[in-house]
Amino acid sequence: MTSTELPSTMSAVQLTRHGGLDALTYRDDVPVPWPAAGEVLIEVTACGMNNTDVWVRQGAYGSDTDPDAVSTWRRGRSTLTFPRIQGTDSVGRVVAVGPDVATSRVGERVIVDFSLYNRDDDSLADIDYIGHGRDGGYAEYQCVPADNAHAVDTTLTDAELATFCCAYLTGEHMLERAGVAAGERVLVTGASGGVGSGIVQLCRARGAIPYAITRADKAEALQAIGAEAVIDRSASDWVAAVETATGGQPVDVVADLVAGEHFNDLLRILRPEGRYTTAGAIAGPVVNLDLRTMYLKHLQLHGSSQGRRSDFRRLLGHIVAGRIQPLLHDTWRLSDFHAAQTAFMDKDYVGKLVVVPDRHWDTVGAPHVHD
């Protein structure tokens, strides 16, 4: 397809500044991008929603010296410029290729690895992501590096495919960083969210035994996807509640997405020489830590964000083999983005929410729709 066969403008949601929902503007006059060397142009059919969209919009990442400072992801070395089209979890079809990319790729159905690695090795020392350092998938079209667009052969719908990338890649890397092995017990906080519910499934995929902390009304849904037991997050004593749930068996790894006031309790729950891994702090990023808990138990603490190419390859293998299942709770039109992100922030669901460009609304499969 040539540039003359594509529309010159497209619909997209642009982040214009840090702030509230009014910082997001839906436009139908955004220029359609064209792929440079080494890139492909994707017609986006679905894009999943993630916490990083909200945190970047709010500028909620703080700084090394001020946790309340308005700052975006990567803090002092941010690549964010305005306006920016966010959206990490893109699925669609290749409609054009840049110079030096095989034209045979046109027509491929693809899922996008959102990580911009910036190095040839599998290091995370210099990493960015699509939707932050360059435009993402809350649009009808987007350009991505050709190596980030992975052809995928599956019977899952595009909306279902769009539930995986950011959340499950984040979860897979957390488990990899902590060296989770078959037979180990893993306690997952924030287990009903996109990353947490992904971790529950990814634990089972590698033979580990997940225990979930979430709201009581979500317990049945978490057990249905593989949680060995569910701990009510409103329990007054998490340490005792987890011990009851595990039958007194040791917890090898805590995969934490919540932090806040329960941080030190989570370290207390770990067995001696246990491992703690985190990629989020939705209950509060500034925590109380009794260092004696850490050093007397010889604990390992792992910070984690995004994932490596090798993590994505494993994730794609799990998807194609059917070892993990999409948890698509709902879909929203791109033009209803404010309502979609409001529903996302309310967290009254298990799994993922997905945004669909209006032009594909009638053709992209979804379990629920908003008319």
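User: What makes C165 count as buried?

Analyst: In this predicted model, C165 has a relative accessibility of 2%, and buried means under 20% relative accessible area, with exposed over 50% and partly exposed in between (1.4 Å probe, protein chains only), so C165 counts as buried. C166, with a relative accessible area of 9%, is buried by that rule as well. Residues are numbered from 1 along each chain as its sequence is written, and side-chain values use heavy atoms, leaving out hydrogens and water. Because the model is predicted, local features need pLDDT of at least 70 and side-chain atom pairs count only at pLDDT 80 or more, while totals for chains, interfaces and linings use all residues.

User: Why is there no disulfide between C165 and C166?

Analyst: A disulfide is a pair of cysteine sulfur atoms within 2.5 Å, whereas the sulfur of C165 is 6.8 Å from its closest cysteine sulfur, the one in C166, which is too far for a bond. By this rule the count comes to zero disulfides.

User: How do you know that the largest nonpolar core lies between two domains?

Analyst: A nonpolar core is a set of buried Ala, Val, Leu, Ile, Met, Phe, Trp, Tyr and Cys residues joined through side-chain atoms within 4.5 Å, and the largest one has 81 residues, with Y138, V186 and I199 making the most contacts inside it. Domain 1 (9-163 + 326-368) and domain 2 (167-303) both give residues to this core, so it lies between them; the domain bounds come from an automatic or database domain assignment.

User: Why is the pair of F263 and Y276 called edge-to-face?

Analyst: Rings of Phe, Tyr and Trp (its six-membered ring) pair if their centres lie within 6.5 Å, and planes under 30 degrees apart count as stacked, over 60 as edge-to-face and the rest as tilted. The ring centres of F263 and Y276 are 5.3 Å apart and their planes stand at 85 degrees, so the pair is edge-to-face.

User: What does the pair of F263 and Y276 tie together?

Analyst: F263 lies in helix α7 (residues 263-269) and Y276 in strand β14 (residues 270-278), so the pair ties together parts that are 13 residues apart in sequence. Helices (H or I, at least four residues) and strands (E, at least two) are DSSP runs, numbered from the N terminus. Both F263 and Y276 are buried.
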